[in-house]
Amino acid sequence: MSEPRVRRAEIAIEQEHVDRVYSRLAELRAQAEAMRAKGYEIGHGAQREAVFEQASMLFERDMMVFHANQTLQTLDAEYEGLVFGRLDQVGNEKIYVGRLGIRDAEFDNLVTDWRAPAAAAFYQATAEEPMDVVRRRVIRCSGQTVLDVDDDVLIPDAVPEDMRIVGEGALMAALGRSRGEKMRDIVATIQREQDEVIRAPWRGVTEITGGPGTGKTAVALHRAAYLLYRYRRQLGGAGVFVLGPSGVFTNYISRVLPSMGETNVELRALGEVLDGVVATRQDPAPLAAIKGSLRMRKVLTKAMRDTPPDVPGEMRIVYRGEVLKLTTKELEKVRRKVHGHGGPPNRSRIRAAETLLEALADKAEENAKADGRTVDRAELITELGERIDFHRFLVVWWPVLYPGEILRWLGDPARLSRAGKGVLKRDEVDLLAASFADRERDWSVADVALLDELRILVGPPPKRRRRAQPVELDAAPAARGSEGQGPHRPEHYDEYSHIVVDESQDLSPMQWRMIGRRGKYASWTVVGDPVQSSWPDPEEAAQARDQAFGPRTPRRRYTLRTNYRNSKEIFDLAAKVVAGHAGADELPEAVRTTGLEPEVRIVDRASVEASTQAAAKELLDAVEGTVGVICAMDRVPEVQRWVQADERLKVVGSLDSKGLEYDAVVLVEPTELITESTTGRRVLYVALTRATQQLTVVASDREWL
């Protein structure tokens, strides 16, 4: 039976059990409501009894009502996602794990409370110490509906022939069942090296590196679950933050992540880190490289200190019959003096008022000196400081600043040139200004780190004068945790106890600064593969990463070396493409063979469309799972028009394909992937390693080979 059919069949099996659980839950709720109603009846009857009997009946009523209400409250609180796991143990014993322990009418166990000792293996069992668990299954539900299941095989040799495995566990089971000692040795190696990482101490920084298909992400997520169980007192209260490269990717891993009842895990994509902003658009590589560079800190700081557009160009105020006037140049001098103190401007209005009053006093003294008069400086400052016309001018001249406003201001090339003087080149100014000036487009993923940097630079707006913000910086449900179900935390929460960063090799220096603010007090698990990096300056990124980690010790590094998802035939082509850009010790060893060599079709440029259509149709017929069509980022809309609509077929750009996998892949014009990226062949290497079974490359040249 094919994998999609197996998955559907297993979902149906779990749905049947979940239906039994919720049916029993309804019975228990009805019983609790009946008990509460009976308690109230006893209370009414007590009013007609003698005094000495009345007290006893009222006590009985209170206890019945209290117990019934407590039961109802518990049943209601744990209703959503009640069942989330299953353990299949040696001897065919199975245990369902959930948020609440429930027995049927015959007192047989339907669900084991996750806090009970019998459920501990759901969190604690590993490949090295499986605790008699053959298969651990995560069950993902919405309300009473089972959406998906995903299996983890801990004892491959003990998997019965009739046990159907879903997800990555299926491959482990197949390897475990394979004949020959070599395959069994491979399984043991995979499990041993992954288990070592999962159980690493929680303090400090744990780095996990490895090539495609080595299970880095699965290991990191299992590590998060293990740490929360093993060190719940240290980590549970403040919560764990998991960062993925894209919304598509985070939705994918949310099925594997401890949806195991762990309510203190918050899952976000890079474009969702800043509360109130959800960005999915990717900038072209040259533009993203500018926005991600640490140079942007200087540009943003100077932009913040520049005179805002549309503020008054001069100040006129009458004091005792005399007009005091400050010119544009004098007002700019006052602004520079205020910013010279270094505080965030949204917390500097009082200082701005004081400095402005001092400038007016200087002007009054200058005028008086010319006329041979004197001015009481303190009296002038006090009187003008209390006048409404002064404060009206101050509010307009020193406005509350918002991050989105400042970025949009930089759409003006002249303003951006001032901010980028000595930092940005002319062509870089043109690229940035065009990006920020396009008000019709949403923020890009790279913009989010700039908005977050500006949030810190300008400081929070005064609470009493807070108004609707020009950009969405209020918390949005879509940006709060996995699927909008994450914990409710204060805006811009920065007290996480543990942070997991996936695909870390692609984080820009500015993005590392953004994540570092969330991890000031955290330990870290960082997952990545330098060979897959799409960031052009690894040294600058490493510097920002080290600053984000701070002085935390120890720092430990693990390398996973076995690629057990890509076939050897496919990975050999990917390794050939990236040769010269990665050492042999940086590439994993693919251990699975299918006998299906990748097919490279060299066609003339006019035939690329037809060849892509033909290849996609052939692969849809050849596999029952998903087919990905991967192309250059700017080609996606065009290629989407080429191929037939099919729910199993997805067209993705090179950068968006990161972290994903498909049963089969059509790769379109690989040379375009190289030329569109600042890291060239590394991006092509990523695209080539998305296929698990079959790969067809459609190209109009051989340069990429």
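**Exercise 1. A parallel pairing**

Which residue of β13 stands opposite V500? Place the two strands in their sheet.

*Solution.* This is a predicted model. Start with the residue: V500 stands opposite T525 in β13. Next, take the strands. β12 and strand β13 (residues 523-528) run parallel and are joined by four bridges. Now widen the view. The open sheet has six strands in the order β9-β8-β12-β13-β7-β14, and the pairing is parallel. Its edge strands are β9 (265-269) and β14 (555-560), each of which pairs on one side only. On average, neighbouring strands of this sheet are turned by 15 degrees against each other, direction ignored. Last, add a helix. α20 lies across β7 (205-210), β13 and β14. The helix α20 runs at about 155 degrees to β13.

**Exercise 2. Another open sheet**

Find the order of the five strands in the open sheet that contains β17, and name its edges.

*Solution.* Read off the order: β17-β21-β20-β18-β19, with parallel pairing. The edges are β17 (599-602) and β19 (649-653), and each pairs on one side only. From one strand to the next, the twist averages 20 degrees. Then look at one pairing inside the sheet. Strand β18 (residues 627-631) and strand β20 (residues 662-668) pair in the parallel sense over four bridges. There, V627 stands opposite A664 in β20.

**Exercise 3. Classify two aromatic pairs**

Decide how the rings of F241 and Y496 are arranged, then do the exercise again for W512 and F549.

*Solution.* A pair of aromatic rings is described by the distance of the centres and the angle of the planes. The model has ten aromatic pairs.

Step one: F241 and Y496. Their ring centres are 5.0 Å apart and their planes stand at 50 degrees, so the pair is tilted. The cut-offs are under 30 degrees for stacked and over 60 for edge-to-face. The pair links distant parts of the chain. F241 is in strand β8 (residues 240-244), while Y496 is in the loop between α18 (445-458) and β12 (498-501), 255 residues apart. F241 and Y496 are buried. Together with Y493, F241 and Y496 form one aromatic cluster.

Step two: W512 and F549. The distance is 5.8 Å centre to centre, with 80 degrees between the planes, and the pair is edge-to-face. W512 lies in helix α19 (residues 509-518) and F549 in helix α20 (residues 538-549), so the pair ties together parts that are 37 residues apart in sequence. W512 is buried at 2% relative accessibility. F549 is buried too, at 0%.

**Exercise 4. Charges over rings**

Over which rings do the charged ends of R335 and R408 sit?

*Solution.* Take R335 to begin with. Its charged end sits over the ring of W397, 4.4 Å from the ring centre. Now R408. The charged end of R408 sits over the ring of W443, 3.9 Å from the centre of that ring.

**Exercise 5. Trace three salt bridges**

Describe the salt bridges E10–R135, R418–D306 and R455–D452. For each, say where the partners lie.

*Solution.* The model has 54 salt bridges.

1. The side chains of E10 and R135 meet at 3.9 Å, N to O. E10 lies in helix α1 (residues 3-46) and R135 in strand β5 (residues 133-142), so this pair ties together parts that are 125 residues apart in sequence. E10 and R135 are buried. They also belong to a network of salt bridges that includes E14, R86, D88, R137, D151 and R164.

2. In the R418–D306 bridge, the closest N and O atoms are 2.8 Å apart. R418 lies in helix α16 (residues 413-419), and D306 in the loop between α10 (295-305) and β10 (315-319), so the pair ties together parts that are 112 residues apart in sequence. Check the exposure. R418 is partly exposed, with a relative accessible area of 44%. D306 counts as buried at 18%, because the cut-off for buried is under 20%.

3. In the R455–D452 bridge, the closest N and O atoms are 2.9 Å apart. R455 and D452 both lie in helix α18. They are three residues apart, about one turn of the helix. R455 counts as buried at 18% relative accessibility. D452 is buried, with a relative accessible area of 0%.

Technical notes: Residues numbered from 1 in each chain as written. Predicted model: local features only at pLDDT ≥ 70, side-chain atom pairs only at ≥ 80, totals over all residues. Heavy atoms only, no water. Phe/Tyr/Trp six-rings, centres within 6.5 Å; stacked < 30°, edge-to-face > 60°. Buried < 20%, exposed > 50% of the residue type's maximum accessible area, 1.4 Å probe, protein only. Lys NZ or Arg CZ within 6 Å of the ring centre and 35° of its normal. Pairing = 2+ DSSP bridges. Axes fitted to C-alpha atoms, helices over the stretch in contact; angles between N-to-C directions. Contact = heavy atoms within 4.5 Å. Salt bridge = Lys/Arg side-chain N within 4 Å of Asp/Glu carboxyl O.
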